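Let's take a walk through this protein, piece by piece. Have the model open beside you and turn it as we go.

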Amino acid sequence: LKHGEIKAEHKDIELDILQLAIVYPTVRYPQVTVYDMDYRTAGTSDTISLTSNRKDSKLIISDTKCYEKMETDLYEGRGWLKAPFEHLPNSKYIKTAMQCSYYAYHAEKLTGKKVKELFIHLIQPSTCKNGGNVVHKKIPVPYLKHDIVILLETLKDQIKEKLTNKNEFVI
């Protein structure tokens, strides 16, 4: 997906790769680091795609997850998140929605482009190397932009403190 070609050593999984690629627009950028100089935060998204190659293109942010039990693992709740997010269930689905939203917020602020869509590309790993019969799904997630702003505002002093503490090295 990253280079738009399949190397000779990966020809055995060519059909699997092509099948997985269909959920992404053609203008895609895997492993993009996004950042915010105001909050001094950054992260690397699995894939950021554009809806077109036009200047007014919108962003599509996705994260790839591999779970053998697929939705069972994704939606299983384990109580509630801690404050200030106690209104959200503690599940892999919500945590991934927060993760995608975090990248989306940074990408939106960095590029000035609007976010159109966030999704989880869910893959069942045991079906890979199956000759194009990979079990996978595109699971939409909400853009939790306001929750990300709350997160960054809540932690901004702690982030600043960690970055200015001379006894601690932070990347």
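Let's begin with one residue and work outwards. Glu153 has a relative accessibility of 35%, so it counts as partly exposed. Keep in mind that you're looking at a predicted model. Which residue does Glu153 pair up with in a salt bridge? The partner is Lys156, and the closest N and O atoms of the two are 2.9 Å apart. Lys156 is partly exposed as well, at 37% relative accessibility. Both residues sit in helix 4, which covers residues 145–164, and because they are three residues apart there, about one helical turn separates them. The background here is simple: an α-helix has 3.6 residues a turn, so residues three or four places apart point the same way.

That pair is one of nine salt bridges in the count. Some of these bridges share partners, and in that way Asp36, Asp38 and Lys109 are joined into one network.

Time to step back for the overall plan. The protein has four helices and five strands, and along the sequence they follow the pattern α-β-β-β-α-α-β-β-α. Measured out along the principal axes, the C-alpha atoms fill a box of roughly 50 × 40 × 35 Å. Of the 171 residues, 40% are buried. If you take the contacts with a separation of 6 or more, 58% of them are between residues 24 or more positions apart.

Now for the strands. The five of them form an open sheet, in the order 1-2-3-4-5, with mixed pairing. Who stands at the edges? Strand 1 (27–36) and strand 5 (136–140) do; each has a single partner strand, so one side of each is left without a neighbour in the sheet. From one strand to the next, the twist averages 35°.

You can cross the sheet strand by strand. Strand 1 and strand 2 (residues 41–50) run antiparallel and are joined by nine bridges. To find your place in that pairing, look for Pro30, which stands opposite Thr47 in strand 2. Next, strand 2 meets strand 3, again in an antiparallel pairing, this time through four bridges. Leu50 has Leu59 of strand 3 as its bridge partner. Then the direction of pairing changes to parallel: eight bridges join strand 3 to strand 4. Here Cys66 has its bridge partner in strand 4, namely Ile123.

Between strand 4 and strand 5 there's a salt bridge to look at. Glu117 and Lys138 form it, with their closest N and O atoms 3.1 Å apart. Glu117 belongs to strand 4 (residues 115–123) and Lys138 to strand 5, so the pair ties together parts that are 21 residues apart in sequence. Are these two buried, exposed or in between? Glu117 has a relative accessible area of 22%, so it is partly exposed, and Lys138 is partly exposed too, at 38%.

Strand 3 deserves a second look. Six of the eight residues in this strand (residues 59–66) are buried, so it is largely enclosed by the rest of the structure. Asp63 has its place in strand 3, and at 1% relative accessibility it counts as buried, the cut-off being under 20%. What does the side chain of Asp63 touch? It makes a polar contact with the side chain of Lys65, at 3.0 Å. Leaving out neighbours within four places in sequence, Asp63 is also in contact with several other residues, among them Asp46, Thr96, Gln99 and Phe119.

Our next stop is helix 3, which is mostly covered: 14 of its 20 residues are buried. You can check its length too. At 1.5 Å a residue, the 20 residues of this helix (residues 92–111) should span 28 Å, and the end C-alpha atoms are indeed 28 Å apart, so the two agree. Just after helix 3 comes Gly112, with a positive phi of about 80°.

One last salt bridge rounds off the walk. The side chains of Arg78 and Glu76 meet at 4.0 Å, N to O. Arg78 is partly exposed at 41% relative accessibility, and Glu76 is partly exposed at 39%.

Technical notes:
Residues are numbered from 1 along each chain as its sequence is written. This is a predicted model: local features need pLDDT of at least 70, side-chain atom pairs count only at pLDDT 80 or more; totals for chains, interfaces and linings use all residues. Side-chain values use heavy atoms; hydrogens and water are left out. Two strands pair if DSSP finds at least two bridges between them. Helices (H or I, at least four residues) and strands (E, at least two) are DSSP runs, numbered from the N terminus. Axes are lines fitted to C-alpha atoms, for helices over the stretch in contact, and angles run from 0 to 180 degrees between N-to-C directions. Buried means under 20% relative accessible area, exposed over 50%, partly exposed in between (1.4 Å probe, protein chains only). A polar contact is a pair of N or O atoms within 3.5 Å; within protein, one must be able to donate a hydrogen and the other to accept it, and residues adjacent in sequence count only if both atoms are side-chain atoms. Contact means heavy atoms within 4.5 Å. The expected span of a helix is 1.5 Å times one less than its number of residues.
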